[in-house]
Amino acid sequence: MESVFEMIVCPLCGERLEKEGGSLFCRGARRHTYDVALEGYVNLLPPGKKNNAKTGDRRELIRSRTRFLETGKYDRISDAVASLLMKYAPRGGTGGITFADLGCGEGYHTCRIAEDLRGAGARPAAVGIDASKYGVAAGAKRAARSGFSSFDLNGEEPFLCFFAGNIFRPPLRDMCLSGAVSMFAPVAWDEAARILVPGGVLTVTASGPDHLIEIRRIIYDEVRVKETAAAAPEGFRAVGTERLTYRIDLEDREKTADLFGMTPFACRVPVSVRKKITERDGMTVTVDTVNTVYEKI
Ligand SMILES: C[S@@+](CC[C@H](N)C(=O)[O-])C[C@H]1O[C@@H](n2cnc3c(N)ncnc32)[C@H](O)[C@@H]1O
């Protein structure tokens, strides 16, 4: 198994990080230190950005997203991403797959992808990075529940760790990863190109044209169909695209409200429209996602 310490660097000076007691410290002249939080994550947001209430998702949003994801209704999405990594990501020296989930939220998909890889014998070493410390705190707790070792376990190589960090300046070494994953998050192409080994892959999960179409029909008189096919940016070539479409039942108001709460519409629509959706006693909606795999050339 590759070690997470082969991947992470100090966000201030770019030096390698090591663990001592309950902290990580860098090998640079200034020996910058970062405490491992009680929940098991480390805050590697640049100074001045550590209280990231504006950048990352808020605690309430994370709670409703967690409740919804734990219903398992989006599990097929992370399974699809794991299969793509298995198929396209090059293996490291010890035969494992190293990956970063960039904009990992509360790490639900990160853990599931790592579990799928572990189940398939791909010996994952992975990091989840998000600007929201509430998100990564939840991720670290979930990873521990799933039996992954992290910073809380002394003496073992950590292999699924969560960091508060900026994906546009991720605290990761150049060319240290065989895979990167971006699910419903902004894509930092330049940084993805920097941190992937040549031949490494970035999987981008985005909404397809029919994603939650039933909800969008309630919001808009005329539903716009989004353009999903994007050309590969410089330094990458698209090597595979898979569309995943299925329908899910939202059995009650709570599930409808939780799913609606995690969409970008939730903070855009007037209260009257929000009520029209969240006060329904359930509905059936379409899940439509497009997973595109970009290989670093
Ligand atoms: C829609 S959520 C998706 C979360 C997760 N990937 C999922 O599919 O459940 C987008 C995530 O990107 C994170 N994000 C946005 N900009 C970021 C940045 N510059 N650095 C780190 N995370 C960022 C947000 O905090 C949020 O958790």
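Let's start with helix H4, residues 133-145. It has 13 residues and reaches 18 Å from its first C-alpha to its last. That is close to the 18 Å expected at 1.5 Å a residue. Keep in mind that this is a predicted model.

Is H4 mostly covered or mostly open? Mostly covered: 10 of its 13 residues are buried. Buried here takes 20 or more other C-beta atoms within 10 Å of the residue's own. Among those buried are Tyr-134, Val-136 and several alanines, including Ala-137 and Ala-138. Two charged names are on the list as well, Lys-133 and Arg-142.

What does the covering? The cover includes two helices, H1 (59-69) and H3 (108-119). It also includes strands S4 (42-43), S6 (125-130) and S7 (160-164). H4 lies across those strands, S4, S6 and S7, and runs at about 170° to S7. After the helix comes Gly-147, with a positive phi near 85°.

Now the sheet. Eight strands form it, and it is open. The order is S4-S7-S6-S5-S8-S9-S11-S10, with mixed pairing. Why do S4 and S10 each have a side without a neighbour in the sheet? They stand at the edges, each with a single partner strand, so one side of each is left without a neighbour.

A quick reminder on pairing. Strands of a sheet pair through backbone hydrogen bonds, either parallel or antiparallel.

Last stop, the S10 end. S10 covers residues 236-250. S10 pairs with S11, residues 283-296, in the antiparallel sense, over 14 bridges. To find the register on screen, take Arg-243: its bridge partner in S11 is Val-290.

Notes: Residues numbered from 1 in each chain as written. Predicted model: local features only at pLDDT ≥ 70, side-chain atom pairs only at ≥ 80, totals over all residues. Helix = DSSP H or I, 4+ residues; strand = E, 2+ residues; numbered from the N terminus. Expected span 1.5 Å × (residues − 1). Buried ≥ 20, exposed ≤ 12 C-beta atoms within 10 Å, placed from the backbone. Contact = placed C-beta atoms within 7 Å. Pairing = 2+ DSSP bridges. Axes fitted to C-alpha atoms, helices over the stretch in contact; angles between N-to-C directions.
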